[in-house]
Amino acid sequence: MNIPALRKPNAAFLGPILAGGLLLAATVVLMPDRWQIADAIRRGTFSPPPAAIPLPPPSTAQLMQRFSGGKRLALPDLQRLMAASATTASASTLSAIADALAKGHAPVATDRVSYDILASGRPDVALAFLESRPDRAAPALWRLRFDLHRKTGDLAGAADLLRSAAITPGNAPPQHLVEAAYALATPEILITAAEHGAIPPLSQAQALDLASWANTAQRYDLISRIDRAGTPGWRAANPWLAMTLAQRSGDSGSALRYAALLPSGRDAARESIIMASGDPQAMRQYLLAQASAKGADGSAIAQRLLEKGFRPDAIALLRQQSAKGASDEDVSARMLYLMGPRPAGEDLDWLRSRASADPRWLAAYIEREQPAKALAFVESRPAADSSDMLVQRIALANAARDRVAAARALDGLLDGRPLSAMQLKAAATATVPADRAGRYALALARARIAAGQGEASDRLSLAWDGWNRGDAAETAGQLLDYLRDRPDDRAALRLMADAQAKLRGEPAARPWLERLLANTPPSIERAELLNRLGRTSDAMAMVETLRQATPNDRRLDIMLSRLLIASGDPGRARKVLRP
């Protein structure tokens with residue numbers, strides 16, 4: 001029992017009210033706010049966090065940016081950067097990456113990187129990268145350096161690299177050095193390389209190849225060096241080259257020795273060496289030995305003897321060949337060709353003796369002798385008066401300018417013998433004394449007519465000759481034939497009219513005068529013909545017409561006055577002459 005409550009009756013009501021208020025206040029205080037409620041809800045729905053996802057690796061551009069900025073990269077990143085940058089980065093950047101890898105104890109092979117760069121089509125960058133590396137002079141990289149110089153067009157740099165390797169043993173592998181020398185078309189540098197020990201001594205095959213090249217390039221100074229740097233045994237593999245080089249150096253003995261080793265053509269090679277040696281006696285003995293061989297071509301060997309200056313031997317050989325008779329014409333023709341058009345005195349004497357014994361040699365002697373001497377020789381021959389010899393005498397007399405001798409030969413030729421057209425033509429070329437030229441011309445005309453080779457001019461010449469001698473019949477006879485070919489020749493018609501008038505009087509001349517008149521244009525000559533035909537009035541009319549055309553022609557005045565006098569009008573004739 002609550003004693004205090006009993007003591008105070010109001011307390012019984014206040015107690016519950018206060019207790020309720022306190023409970024409400026406690027409820028308010030203890031009720032969670034919205035944040036606490038949210039947190040309780042969150043806690044009520046809790047789940048474990050997701051597993052961690054690894055970040056993607058940085059790109060090549062990021063790695064290059066970090067590397068260029070001086071940041072240190074892990075080895076895997078550096079290796080990846082090197083592999084990805086070979087196609088785009090500069091030589092200096094790639095070299096810096098390689099240096100970083102080397103510091104990290106993960107070096108990259110210089111040749112591999114260079115080949116990667118080269119594969120991207122950048123030989124200049126590959127060369128720059130290689131030259132920037134500390135191991136660029138390593139023998140294993142020499143061929144790569146050489147090839148890069150060539151690919152970039154730096155042939156001078158490649159040549160310098162090759163020369164340096166040729167004089168520095170161990171600078172380049174021997175096989176690479178040999179290949180590089182041929183690649184630059186400078187195989188002669190291999191001689192230098194062998195001399196300096198950069199490559200082993202030249203093998204027989206190499207020495208032969210270099211000797212062939214030196215011969216083609218006319219670098220004969222290299223042959224002795226090839227022998228010292230290799231072996232002279234290469235000559236046995238190519239005796240023809242050995243022979244050629246020995247001959248070039250003037251060593252005929254060695255050249256002949258190598259010629260004997262040729263598989264074929266030994267005789268021709270031996271001959272070539274002897275002929276080129278310049279030793280006269282060796283050449284002479286060789287050619288004479290060849291001439292004595294069975295089946296030898298004597299004429300060809302004789303020519304060669306002459307060419308080498310052994311004329312007596314050549315002549316003697318050709319004489320021997322000519323004596324055999326089997327190929328006399330060929331040998332003789334060859335000898336005469338070699339003698340030339342003006343042989344020496346000894347050769348002319350020999351030809352003269354041959355011509356004296358054998359007429360077949362006469363033409364050859366005459367062609368090569370002086371005309372006067374040849375003429376004297378021909379005139380002394382038994383057959384000097386034959387037609388062919390007379391023609392030859394005329395030709396020689398003309399060449400010697402001996403008119404008397406030409407006339408002498410022409411007299412023999414025109415003695416009435418039958419002559420061919422060629423002989424007549426040759427006879428007409430004779431240059432005879434001027435005082436006898438006309439007589440010979442007429443004789444030749446008669447000879448041509450007798451041979452059926454006469455020309456119209458020949459008959460006209462004989463017609464005038466007959467007229468001059470007073471032989472009108474001869475004149476008329478020759479003109480008949482002439483006028484058949486030349487019917488309109490006015491001079492011949494007038495001469496025919498004169499000849500007929502002399503033979504049978506003017507009536508016989510009248511037909512020829514009429515023919516002449518028909519072919520004569522208006523002129524003084526036509527007027528004269530009219531007058532001669534008795535047509536005086538027509539003649540006067542013709543002259544008057546001509547005077548009107550040419551009033552100052554005194555000849556017309558004279559003719560008109562003559563016609564007037566003939567017609568019985570002398571007074572008018574005087575007026576014409578004295579106007």
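How are α7 and α8 oriented to each other, roughly parallel or roughly antiparallel? This and the following exercises concern a predicted model.

**Exercise 1. Determine the orientation of α7 and α8 and describe their contact.**

Solution.
Step 1. Helix α7 covers residues 110–119 and helix α8 covers residues 123–132; their axes come within 8 Å and cross at roughly 165 degrees.
Step 2. Angles over 145 degrees count as roughly antiparallel. The helices α7 and α8 are therefore roughly antiparallel to each other.
Step 3. As to handedness, α7 passes α8 in a right-handed crossing.
Step 4. On the α7 side, the contact is formed by T110, V113, S114, I117 and L118, and on the α8 side by P123, V125, A126, F129 and L130.
Step 5. Sorted by character, these contact residues of α7 and α8 comprise eight nonpolar, two polar and no charged.

**Exercise 2. Carry out the corresponding analysis for α34 and α35.**

Solution.
Step 1. The axes of α34 and helix α35 (residues 536–549) come within 7 Å, and the crossing angle is roughly 165 degrees.
Step 2. With the cut-off for roughly antiparallel set at over 145 degrees, the pair can be classified. Helices α34 and α35 are therefore roughly antiparallel to each other.
Step 3. The crossing of α34 and α35 is left-handed.
Step 4. Helix α34 contributes I524, R526, A527, L530 and N531 to the contact, while α35 contributes T536, D538, A539, M542, V543 and L546.
Step 5. The contact of α34 with α35 thus involves seven nonpolar, two polar and two charged residues.

**Exercise 3. State which parts of the chain are linked by the salt bridge of R143 with E179, and classify the accessibility of both residues.**

Solution.
Step 1. The closest N and O atoms of R143 and E179 are 2.3 Å apart, and the cut-off for a salt bridge is within 4 Å.
Step 2. R143 belongs to helix α9 (residues 139–151) and E179 to helix α11 (residues 174–183); the pair links distant parts of the chain, 36 residues apart.
Step 3. Buried means under 20% relative accessible area and exposed over 50%. R143, at 21%, is partly exposed, and E179, at 32%, is also partly exposed.

**Exercise 4. Treat the pair D313 and R284 in the manner of the preceding exercise.**

Solution.
Step 1. The side chains of D313 and R284 form a salt bridge with an N to O distance of 2.7 Å.
Step 2. D313 is located in helix α21 (residues 311–324) and R284 in helix α19 (residues 280–292), so the salt bridge ties together parts that are 29 residues apart in sequence.
Step 3. D313 has a relative accessible area of 18% and is buried, whereas R284, at 26%, is partly exposed.

**Exercise 5. Locate the salt bridge of R494 with E525, then place the salt bridges in the context of the chain.**

Solution.
Step 1. In the salt bridge of R494 with E525, the closest N and O atoms lie 3.2 Å apart.
Step 2. R494 is in helix α32 (residues 490–504) and E525 in helix α34 (residues 524–532), 31 residues apart.
Step 3. R494 is partly exposed at 24% relative accessible area; E525 is partly exposed at 24% relative accessibility.
Step 4. Elsewhere, salt bridges with shared partners join E379, D385, R393 and R408 into one network. The count for the model comes to 30 salt bridges.
Step 5. The chain contains 37 helices and zero strands, and buried residues make up 37% of its 579 residues.

Definitions and conventions. Residues numbered from 1 in each chain as written. Predicted model: local features only at pLDDT ≥ 70, side-chain atom pairs only at ≥ 80, totals over all residues. Heavy atoms only, no water. Axes fitted to C-alpha atoms, helices over the stretch in contact; angles between N-to-C directions. Helix = DSSP H or I, 4+ residues; strand = E, 2+ residues; numbered from the N terminus. Parallel < 35°, antiparallel > 145°, perpendicular 65-115°, else oblique. Left-handed = near helix turned anticlockwise from the far one by under 90°. Contact = heavy atoms within 4.5 Å. Nonpolar A, V, L, I, M, F, W, Y, C, P; charged D, E, K, R; others polar. Buried < 20%, exposed > 50% of the residue type's maximum accessible area, 1.4 Å probe, protein only.
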